[in-house]
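The exercises below are meant to be worked with the sequence and the model side by side. Each task is followed by a solution that proceeds in steps.

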Amino acid sequence: MYKRREGRRREAAELAEELEDFPPSLEKALSLVPARILQQPTPELYPILGIEPRTPEGHNAVVAVVARDHNGQDLPADWSYSLAWFLDLYGSATEAGRLDGALAECASHMIALGTGREKPPPRLKISATHSGAVREARNLSAICAGKLRS
């Protein structure tokens, strides 16, 4: 398995190098996703690549995202939301504790926003390509709200 992973990293690095000279485009961005996911496992990228939950590839995705969470380096401010969404979709009973922790962090953040202790992030311009992510964010909000009520 180690050799296969190294082969993927080499291919991803070669692809990224080859695409550097092309002008920015959606196709170029999608072509760079495999290289990006190897550098920084990002929950939102796995569905874009067509990696399905409850498959060997999905399990590898969970392992990579959990390892990044465990290291805690270079995590975006909204990481707990991404992690909770991802573990709810891809995780198993093994990750239930980590999912509960991420949901608790999301709930704390939402409470802080509601009480005015934290400022909301600036409004984001959402395009049609983000509609799936918006749907999932609404689902995550429902999960967090359910946890708050219980």
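Helices and strands are taken here as DSSP runs, a helix having at least four residues and a strand at least two, and they are numbered from the N terminus. The model is a predicted one.

**Exercise 1. Describe the fold of the protein chain: how many helices and strands are there, and in what pattern?**

Step 1. Counting the runs in the protein chain gives 7 helices and 0 strands.
Step 2. Read along the sequence, these elements follow the pattern α-α-α-α-α-α-α.
Step 3. For burial, 27% of the 150 residues of the protein chain count as buried.
Step 4. Taking contacts between residues at least 6 apart in sequence, 52% of them join residues at least 24 apart.

**Exercise 2. Compare the end-to-end span of helix α2 with the expected one, and say where α2 is kinked.**

Step 1. Helix α2 covers residues 26-39, which are 14 residues.
Step 2. The expected span is 1.5 Å times one less than the number of residues, and for α2 this comes to 20 Å.
Step 3. The end C-alpha atoms of α2 lie 20 Å apart, in agreement with that expectation.
Step 4. Within α2 there is nevertheless a kink of about 40° at Val-33, shortly before the proline Pro-34.
Step 5. Val-33 is also among the buried residues of α2, together with Lys-28, Ala-35 and Ile-37.

**Exercise 3. Examine helix α5: what is its span, and which of its residues are buried?**

Step 1. Helix α5, residues 79-90, has 12 residues and reaches 16 Å from its first C-alpha to its last, close to the expected 16 Å.
Step 2. The helix is mostly covered, with 9 of its 12 residues buried.
Step 3. The buried residues are Trp-79, Ser-80, Ser-82, Leu-83, Ala-84, Trp-85, Phe-86, Leu-87 and Tyr-90.

**Exercise 4. For Val-62, Val-63 and Asp-69 of helix α4, classify the exposure and describe the surroundings.**

Step 1. The cut-offs needed are under 20% relative accessible area for buried and over 50% for exposed, with partly exposed in between.
Step 2. Val-62 has 3% relative accessibility and therefore counts as buried, and Asp-69, at 18%, counts as buried too.
Step 3. Val-63, with a relative accessible area of 46%, is partly exposed.
Step 4. Beyond its neighbours within four places in sequence, Val-62 is in contact with Phe-86, Leu-87, Tyr-90, Gly-91 and Glu-95; Phe-86, Leu-87 and Tyr-90 are among the buried residues of α5.
Step 5. With the corresponding neighbours left aside, Asp-69 is in contact with Leu-75, Trp-79, Leu-83 and Arg-98.
Step 6. As for C-alpha distances, Val-62 and Pro-41 are 21 residues apart along the chain and separated by 9.2 Å, while Val-63 and Gly-91 are 28 residues apart and separated by 9.4 Å.

**Exercise 5. Which partners does the side chain of Arg-68 have, and how far away is the nearest side chain of opposite charge?**

Step 1. Arg-68 is placed in helix α4, residues 56-71, and is buried.
Step 2. A salt bridge requires a side-chain nitrogen of Lys or Arg within 4 Å of a carboxyl oxygen of Asp or Glu. The nearest side chain of opposite charge, Asp-74, is 6.5 Å away, and Arg-68 has no salt bridge.
Step 3. The side chain of Arg-68 does make a polar contact with the side chain of Thr-42, at 3.4 Å.
Step 4. Not counting residues up to four places away in sequence, Arg-68 touches Gln-40, Pro-41, Thr-42, Gln-73, Asp-74, Leu-75, Pro-76 and Trp-79.

How values were computed: Residues are numbered from 1 along each chain as its sequence is written. This is a predicted model: local features need pLDDT of at least 70, side-chain atom pairs count only at pLDDT 80 or more; totals for chains, interfaces and linings use all residues. Side-chain values use heavy atoms; hydrogens and water are left out. The bend at a residue is the angle between axes fitted to the seven residues ending there and the seven starting there. Buried means under 20% relative accessible area, exposed over 50%, partly exposed in between (1.4 Å probe, protein chains only). Lys and Arg count as positive and Asp and Glu as negative; His and the chain ends are not counted. A polar contact is a pair of N or O atoms within 3.5 Å; within protein, one must be able to donate a hydrogen and the other to accept it, and residues adjacent in sequence count only if both atoms are side-chain atoms. Contact means heavy atoms within 4.5 Å.
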